[in-house]
Amino acid sequence: MRIFLIGFMGSGKTTVGRLLADRLGVDFVDLDSLIENREGIAVREIFEKHGEEAFRQLERESLEEVGRIKEAVVATGGGLPTRPDNVGRMRSLGLTMWLDVPFEVLAGRWSGDGWVDRPMLRDEAQARELFDHRRARYSEADLKLDIGAEEKPEEVVSRILLLIASCAT
Ligand code: S3P
């Protein structure tokens, strides 16, 4: 089984994904890291040197690459679902889950480097607009998890495991 975690920047896709993969005993893939390793430069630099479109193309290619792994939990970049057909492609490859975290909680998580490392974030007003705009795309996921401010990654993982079990029956 392949599980794709989608959601806005800071929603915990990487942290939750790594734990979930561990619990399921399958590979964990972080698409941003896959791209960085392949290109040999940081995501931020790809944006700076080549622009967003070039990064989106690399994202799509990396999605095709993980499609060749049979069982994996995949943490995706927050903008992957914004390109036409990417959600459809993920859904054809496996189960998509939207980690839906309230904006205020996300904003608290970006403090410091969270802003610097993320080229798509400029200021709070722009981030809010992007957040609102992207929700329609995220909502195309197979499953949505409403995540509370106090919820720990381990608790999110337990809920996902229950959901997967109920999907399988
Ligand atoms: C992006 C999200 C980032 C990364 C890139 C663009 C976006 O990943 O892919 O900076 O457009 O939302 P995270 O969601 O892991 O921060």
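**Close-up views of a predicted model**

**View 1. Helix α3 has an exposed face and a buried one.** On the face of α3 turned away from its buried side sit Glu 48 and Lys 49, both exposed. This is a predicted model, so please read each view in that light. Within α3, which spans residues 43-50, the buried residues are Val 43, Ile 46 and Phe 47. These three lie on the same side of α3 because they cover an arc of only 100° around the axis. The general pattern is a familiar one: an α-helix has 3.6 residues a turn, so residues three or four places apart point the same way. What do the buried residues of α3 pack against? Their partners are α2 (31-39) and α4 (52-66). Just after α3 comes Gly 51, with a positive phi of about 90°.

**View 2. Five strands form an open sheet with parallel pairing.** Reading across the sheet, the order is β2-β3-β1-β4-β5. At the edges stand β2 (27-30) and β5 (143-146); each has a single partner strand, so one side of each is left without a neighbour in the sheet. On average, neighbouring strands are turned by 20° against each other, direction ignored.

**View 3. Strands β1 and β3 pair side by side, and helix α9 packs on the sheet.** Four bridges in the parallel sense link β1 (residues 2-6) with β3 (residues 72-75). Looking for one bridge to inspect? Leu 5 has Ala 75 in β3 as its bridge partner. Helix α9 (residues 153-168) touches β1, β4 (95-100) and β5 as it packs on the sheet, and its direction makes about 150° with that of β5.

**View 4. The largest pocket holds about 520 Å³ of space.** Which residues come closest to its centre? They are Met 9, Asp 32, Val 43, Asp 117 and Arg 118, out of 28 residues that line this pocket. Two or more lining residues come from each of α1 (13-24), α2, α3, α4 and α7 (113-116). Val 43 may look familiar from the first view, where it was among the buried residues of α3.

**View 5. Arg 60 in helix α4 has contacts with residues far along the chain.** Is Arg 60 buried or partly exposed? Its relative accessibility is 22%, and Arg 60 therefore counts as partly exposed, given that buried means under 20%. Leaving aside residues up to four places away in sequence, Arg 60 touches Pro 84, Asp 85, Asn 86 and Arg 89. Arg 60 and Arg 89 are 29 residues apart along the chain, with 9.5 Å between their C-alpha atoms.

Notes: Residues numbered from 1 in each chain as written. Predicted model: local features only at pLDDT ≥ 70, side-chain atom pairs only at ≥ 80, totals over all residues. Heavy atoms only, no water. Buried < 20%, exposed > 50% of the residue type's maximum accessible area, 1.4 Å probe, protein only. Arc of directions from axis to C-beta. Contact = heavy atoms within 4.5 Å. Pairing = 2+ DSSP bridges. Axes fitted to C-alpha atoms, helices over the stretch in contact; angles between N-to-C directions. 1 Å grid on protein atoms, 1.4 Å probe; cavity = no way out; pocket = protein on both sides within 12 Å on 5 of 7 lines; lining within 4 Å. Points joined across faces, edges and corners; volume = space filled by probe spheres on them.
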